[in-house]
Amino acid sequence: ANGEKEGLGIDEEIKIVKKRQPIAKLDETRLLSAAGIPKLRRISKDRLKFKGKGHEFSDVARLLNMYQLWLDDLYPRAKFADGLAIIEKLGHSKRIQMMRREWIEEGKPKATEEIDPEE
Amino acid sequence: AQGTLDEWAQPVVDPEVRAFIYSLVTAVGGSNSGEDGRYVLGDDALACLKDLIRWIRLYDQRLNRLDVARCLAEANLVKGDLLEILAKYSEKVTADKLKHKIALACLELLVPLTWPVEIDTLEATVNHHRHAPFLQLAQIGYKRAILQYDSAKILQTAVRIALPSMAEPRKERTQRDEGIIRLVLYFMRNVTMISQPQTLPIDGDEAEVSRSATIDAFYSQDILQVLLTVASSMGDEFVSQDVVILEILFHLLKGVDVEKLFMEEQKLASTNTDELKSLIQKEKAMLAGYARHAPTRHNRFGTMIWVKRDDDRVSTISGQDVLGKAQKSMQKMDKTKKWNKPRHRGPKKDDEGSREEFDLAVPISSSARKHLRAFVEDFLDSSFNPLFIHLRKAIEREEERIEARHSRQYFYLVSWFLKAECTRRRRLKERAADSNGSTVLSVEDESFGLVAGVMNQETFILLNRFMQRSQDDKAWQDLNAGMKCFTQILLTVQEMSESSLEDDQEIAENIQNRIFYEESTHDRIITILRSYKDQGFGYLNACTELSHVFLRMLERYSKQNVDLQIRSRRRARKKRKAAVQTEDMENGEEGNASEAEDLAEAQRATTERKFDFARFSAKFMTQNCINTFVSFIRFYNDLSAEQLKRAHRFFYRVAFKMELGIILYRVDILQLFNKMIKGPEGLDPDMPAFKEWEEFVRHFFRSIVKKVQERPELVVEMLFSKISATIFFLEHGYDREVTTRT
């Protein structure tokens, strides 16, 4: 009985286990990729035009729409609110926090740069 | 293989046990087969009843099963025998020894049978899970039978059994007498406590076992009087009965709306009409909201539109409802997504059962309202102080009869009665004002003496300890009750300080001094607000209310008392340590023993310092506190005007008074505010609170638009909670000048 089982292994069917397609995740890497925050910084510069006083609600609606479309491009799977929650959580990680500081530093006037030894 | 269904069905109870029980139940007695059909006791009824008691004790309780209880429920013992026997125990036969014994035996059976069935996760066996739903429904049946029994007053009869023992002076009461009194009171508690579990189907008319029905029955059978008698002589004639009375009161009053209880009949009717009107209005607004966006043609009309995106791409959306409405199409794009972020599915912090404990409003019929109101007024006048002082002492001493739930019930009831007293006083004043001085308020009406029993330092200490402990143990329901109590105490003190009596003002001043003097109290309230996470709406409501009330009163108080000092416990280790060391050198070996104590003391040195309200309220303006209020306002469509106002005041304080709007600049918050005002499914524009909110949101949005233009970095930062290091820069556009000591 033992020999039968061992055989040559020819008769045995080769099982092919299909690997499941990994689900894309909204993680730090994706958030920092070109389609992520860098893109948000770019489009916010040339697309956001505000009307100012008297148009508060439409201005904010435009702002929200910008975020929504951006998020839809970045991670089409998630609803707006869910996506925001995921990103907010990512914001607590060390890596993102460092990047956030850097982005803020970039915006600061150059003169202040040398004062801050901690960075 | 032919057979009946019975052969297939698994017997739930050992057939032998069932047979024993059934034969005992049959032997207790039965209806007369003669024409009148009256109930006749069996020859050995007393022995049979005693046997049944023994079965419950030795089988169910000792072996930790519920089999006997199940059999007795199926055999209809309560309605068929026990109540029949009790009904025969009329006033005339009280003196009969044997009948008294039989009646007592009935009661001894009724109490364990009506005892709440709880599934204790540690001790529960398969048997418990099998029998519990059946027994819970059976108990509803028991309650219905007891309350609705038509030929005799069962509850009153039960009290009559205990009357001889109660009449005995406490010193001369035997153990047995005490036992009988306890039995009757627990019977009352069980009857009050039984209520329709939400998870089980409703069997029969729910109104027959509702709170109103219970109150009506308690009134008509003079049980309320009994409760008053026992409660008012608590401490001299009665001692160990305090916890049972506490439980009865708790289950009788929990969830009852105090405001409505004290409303005049007419006013209540008009309030109810207003409520109905506003509900209809709300529904109308909701339907109108839908109609505005509803398709104008049939559902197979098949419109399809493009939304242009950047890079010349387009998204398609179907449905004519989005035509020509850019905002609407954005919402629809979002709504059609199928994936939802998985929610955390850990063990729930707040299970349904405990939430229902007191955060669920209970409606009350008008007759029950009248009786309950009279009872509450009498109770406040006669029994509140003796009972609650006595209970406080028992809790402090950690008496054996005090169980974990009793502290929670105690603090809940304190808050309930304080609220009742304040409401009653307000009504009295209104009435006096209405009648133009024809009814003059007496000094007694004016003074707060009736609730003085809980407005003292001992209670505050107990409450503080209780809140701290439940917070440490993560016992959220306990903390919920504690917060409710503390809020109500603050409100009562506030009313007291506005009293026309100088004595009261002085007392109020003293109490406020003490409450606001301890910094640990201040810190606790902040910590509670900050650490909210999924404890349920009732808890959320309680902690936001506490913060709101506390902050407001402290603000007012610190304005009046500019030189307010507070006692804070700070770590002053280094300084003291040095002092201890030098001392040691001088004293040589001697100092060693007390060194540890000294150190511990030094670590928690108590210092006094001047209180600075601005600094204190800044502590509320942290991200976590804001998250708590944001989770609160997410329920905006279910909040009352008062609750909306509370949230409004908080956000207003953050954004404009403290000028810390920066921590509110977050996309999810923006979206929430936008939705509240602009819909869809937003706040009803006809609501009184709407105007306030709209004004606030408009202001807030304006500040955002301005800030974003000033500092483009904000576009990214608005996605996240802010880091404390960068808040200052984002707010002001330059770094805080750090003065370093050199």
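# Briefing on a predicted two-chain model

Of the 119 residues that make up chain A, 39% count as buried. This structure is a predicted model, and chain A is accompanied in it by chain B, where buried residues make up 47% of the 742 residues. The points below take up the two chains in turn, and then the salt bridges, the aromatic rings and two further sites in chain B.

**The two chains**

- Chain A has six helices and zero strands, and when it is read along the sequence it follows the pattern α-α-α-α-α-α.
- Among the contacts in chain A that are between residues at least 6 apart in sequence, 58% join residues at least 24 apart.
- The area that chain A exposes is about 8,300 Å², and carbon and sulfur atoms supply 54% of it.
- Chain B has 34 helices and six strands, and of its contacts between residues at least 6 apart in sequence, 75% join residues at least 24 apart.
- The area exposed by chain B is about 39,200 Å², with 50% of it supplied by carbon and sulfur atoms.

**A salt bridge and a network between the chains**

- Side chains of opposite charge can pair when their charged atoms come close.
- A search of the whole structure finds 49 salt bridges over all chains.
- In one salt bridge, the side chains of B:R313 and A:D73 meet at 3.0 Å, taken from N to O. Because B:R313 lies in the loop between strand 3 (304-308) and strand 4 (314-318) of chain B, while A:D73 lies in helix 4 (residues 56-74) of chain A, the pair joins two chains.
- Both partners count as partly exposed, B:R313 with a relative accessible area of 36% and A:D73 with a relative accessible area of 22%.
- B:R313 and A:D73 also belong to a network of salt bridges, in which they are linked with A:K39, A:D72, B:R309 and B:K337.

**Salt bridges within chain B**

- The side chains of B:E237 and B:R173 meet in a salt bridge, at 3.6 Å from N to O. This pair links distant parts of the chain, 64 residues apart, with B:E237 in the loop between helix 11 (223-232) and helix 12 (242-253) and B:R173 in the loop between helix 8 (154-167) and helix 9 (175-193).
- B:E237 counts as partly exposed at 30% relative accessibility, whereas B:R173 is buried, with a relative accessible area of 9%.
- Another salt bridge brings together the side chains of B:K619 and B:D523, at 3.8 Å from N to O. Here too distant parts of the chain are linked, 96 residues apart, since B:K619 lies in the loop between helix 28 (613-618) and helix 29 and B:D523 lies in helix 24 (residues 519-530).
- B:K619 is partly exposed at 34% relative accessibility, and B:D523 is likewise partly exposed, with a relative accessible area of 31%.

**Aromatic rings**

- Over all chains, a search of the whole structure finds 43 aromatic pairs.
- The rings of B:F388 and B:F417 form an edge-to-face pair, because their planes are at 75° and their centres 5.9 Å apart. B:F388 lies in helix 18 (residues 384-396) and B:F417 in helix 19 (residues 404-434), so the pair ties together parts of chain B that are 29 residues apart in sequence.
- B:F388 is buried, with a relative accessible area of 1%, and B:F417 is buried as well, at 0%.
- The rings of B:F629 and B:F632 have their centres 6.4 Å apart and their planes at 90°, so this pair is also edge-to-face. Both residues lie in helix 29 (residues 623-633) of chain B, three residues apart, which is about one turn of the helix.
- B:F629 is buried, with a relative accessible area of 1%, and B:F632 is buried at 0%.
- Charged side chains lie over rings as well: B:R189 lies over the face of B:W115, at 4.5 Å from the ring centre, and B:K678 lies over the face of A:F57, at 4.8 Å from the ring centre.

**Two further sites in chain B**

- B:M286, B:L287 and B:Y290 form a nonpolar patch on the surface, and together they have about 310 Å² of accessible area. B:L287 has its place in helix 14 (residues 265-293) and counts as partly exposed, at 48% relative accessibility.
- B:H548 lies in helix 25 (residues 537-560) and is buried, with a relative accessible area of 18%. When its neighbours within four places in sequence are left aside, B:H548 is in contact with B:R646 and B:R649.

Notes: Residues numbered from 1 in each chain as written. Chains lettered and ligands numbered in written order. Predicted model: local features only at pLDDT ≥ 70, side-chain atom pairs only at ≥ 80, totals over all residues. Heavy atoms only, no water. Phe/Tyr/Trp six-rings, centres within 6.5 Å; stacked < 30°, edge-to-face > 60°. Helix = DSSP H or I, 4+ residues; strand = E, 2+ residues; numbered from the N terminus. Buried < 20%, exposed > 50% of the residue type's maximum accessible area, 1.4 Å probe, protein only. Lys NZ or Arg CZ within 6 Å of the ring centre and 35° of its normal. Patch = residues over 30% accessible without salt bridge, like charges linked within 9 Å, V, L, I, M, F, W, Y side chains within 5 Å. Areas by Shrake-Rupley, 256 points an atom, 1.4 Å probe, with all protein chains shown as cover. Salt bridge = Lys/Arg side-chain N within 4 Å of Asp/Glu carboxyl O. Contact = heavy atoms within 4.5 Å.
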